[in-house]
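Visitor: I should like to understand how the descriptive terms applied to a protein model are justified. May we examine one together?

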Amino acid sequence: MQLHIKWDTGHMTINCEAFFPAPQNKLNVLLKTINLDWEHKDDILNQMMQFLKDLEQQTEAKKVEIKSEYSKEYQKMKDLEHLISDCRHPNGVPISKVEMKTAKADLKEQKKVVSGLEESFKRSSKIAQKARVNQEIIAQKM
């Protein structure tokens, strides 16, 4: 989504996907610039609010997906850890050296997957929080 701002001495186009969520100081500068386009100010602010609401909803939905995937991947990781620590399959059969080696390699990869999901969840949480803060700032200026 792009916002087009025009005023007497110039114009500006903002790519919302790249700009938002924005730090408070950058958002305040943008709001001052939007005030220069007094004819379309309300339309631009409404578009910004709608984009931020959509962004927040998308990130919240992504967080729900990550939660469900995380539980599955975490369980796989714990199963591999238990398999390695016991040196036996769940049915009691001992693990061969080759199986132990592959299990350790699988565990290493599984830990990477789990930590990647944790980072994605944290990133999505931060984006959703910043989008909420941006919405509050814009609502105060409306």
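Guide: Let us begin with the cysteines: the structure holds zero disulfides. Please note that this is a predicted model. The mean pLDDT of the chain is 90, and 100% of its residues reach 70 or more.

Visitor: Why is Cys16 called buried or exposed?

Guide: Buried means under 20% relative accessible area. Cys16 has 0% relative accessibility, so Cys16 counts as buried.

Visitor: And what makes Cys87 buried, exposed or partly exposed?

Guide: The term partly exposed applies between the limits of 20% and 50%. Cys87 stands at 37% relative accessibility and therefore counts as partly exposed. Cys87 follows helix α3 and has a positive phi, near 60 degrees.

Visitor: How do you know what span is expected of helix α3, and what span does the helix reach?

Guide: Helix α3 covers residues 41–86, which makes 46 residues. At 1.5 Å a residue, 68 Å is expected, and the helix reaches 66 Å from its first C-alpha to its last, which is close to that value.

Visitor: Thr59 is found in helix α3. Why is Thr59 called buried or exposed?

Guide: The relative accessible area of Thr59 is 8%, and the limit for buried is 20%, so Thr59 is buried. Thr59 touches Ser124, Ile127 and Ala128, not counting residues up to four places away in sequence.

Visitor: How many aromatic pairs are there?

Guide: The count comes to three aromatic pairs.

Visitor: Why is the pair of Phe20 and Phe51 called stacked, edge-to-face or tilted?

Guide: Ring centres must lie within 6.5 Å to pair, and planes under 30 degrees apart count as stacked, over 60 as edge-to-face. The centres of Phe20 and Phe51 are 6.0 Å apart and their planes stand at 45 degrees, so the pair is tilted. Phe20 lies in the loop between α1 and α2, while Phe51 is in helix α3, so the pair ties together parts 31 residues apart in sequence. Both residues are buried, and together with Phe19 they form one aromatic cluster.

Visitor: What makes the pair of Tyr70 and Tyr74 stacked?

Guide: The planes of Tyr70 and Tyr74 are 25 degrees apart, with 5.6 Å centre to centre; the angle is under 30 degrees, so the pair is stacked. These two residues are four apart in helix α3, and therefore separated by about one helical turn. Tyr70 is partly exposed because its relative accessible area is 24%, and Tyr74 is partly exposed because its value is 32%.

Conventions: Residues are numbered from 1 along each chain as its sequence is written. This is a predicted model: local features need pLDDT of at least 70, side-chain atom pairs count only at pLDDT 80 or more; totals for chains, interfaces and linings use all residues. Side-chain values use heavy atoms; hydrogens and water are left out. The expected span of a helix is 1.5 Å times one less than its number of residues. pLDDT is the predictor's confidence in each residue, from 0 to 100. Buried means under 20% relative accessible area, exposed over 50%, partly exposed in between (1.4 Å probe, protein chains only). Contact means heavy atoms within 4.5 Å. A disulfide is a pair of cysteine sulfur atoms within 2.5 Å.
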